[in-house]
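Welcome! Here is a short tour for anyone meeting this structure for the first time.

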Amino acid sequence: RALRRSGVTAADVGAVALGATGFRGLRAPEEDAVRDVLGGPPPHVLRTPAVLGETYSASGALQIAGLLAAWRHPGAVPAGAAPVALVTSLGDDGYCGCLVMRRA
């Protein structure tokens, strides 16, 4: 739904910042959902919790910061990657969210 509302397709997505990797048992469902939406594995995956640990309510902001930093750092995201990224969040309470970001 987030892709449709943003007017982009799965082919436009060059990176995904996954959020549930810090929660036990939620990594696989989040990755499966992203794979289903994109029609295959994401071209580039950022795992903020793997670097920072579990940041709870700050995780979304830190995922966005990590994505922005990756876009600015040469080589962090493969050259020629599509200019759209997804920031996903899946909580242990069942809530999920997705932010679509476009590189300027």
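The notes below go from the inside to the surface.

This is a predicted model, where local features need pLDDT of at least 70, side-chain atom pairs count only at pLDDT 80 or more, and totals for chains, interfaces and linings use all residues. Residues are numbered from 1 along each chain as its sequence is written, and side-chain values use heavy atoms, with hydrogens and water left out.

**Inside**
- Ten residues form the largest nonpolar core (buried Ala, Val, Leu, Ile, Met, Phe, Trp, Tyr and Cys joined through side-chain atoms within 4.5 Å; buried means under 20% relative accessible area, with a 1.4 Å probe and protein chains only), and Leu46, Leu67 and Trp71 are among them.
- Strand E1 (13-18), helix H4 and strand E3 (84-90) each give this core at least two residues, with H4 supplying the largest share, three. Helices (H or I, at least four residues) and strands (E, at least two) are DSSP runs, numbered from the N terminus.
- Another core, of nine residues, lies apart from it and includes Val16, Leu18, Val34 and Leu86.
- Beyond its neighbours within four places in sequence, Leu46 is in contact (heavy atoms within 4.5 Å) with Val16, Ala17, Leu18, Leu67 and Ala70.

**Surface**
- Val51 sits in helix H3 and counts as exposed (over 50%) because its relative accessibility is 69%.
- Tyr56 lies in the loop between helix H3 (48-52) and helix H4 (59-72), and is exposed too, at 58%.

**Backbone**
- Most residues other than glycine have a negative phi.
- Tyr56, however, has a positive phi, near 50°.
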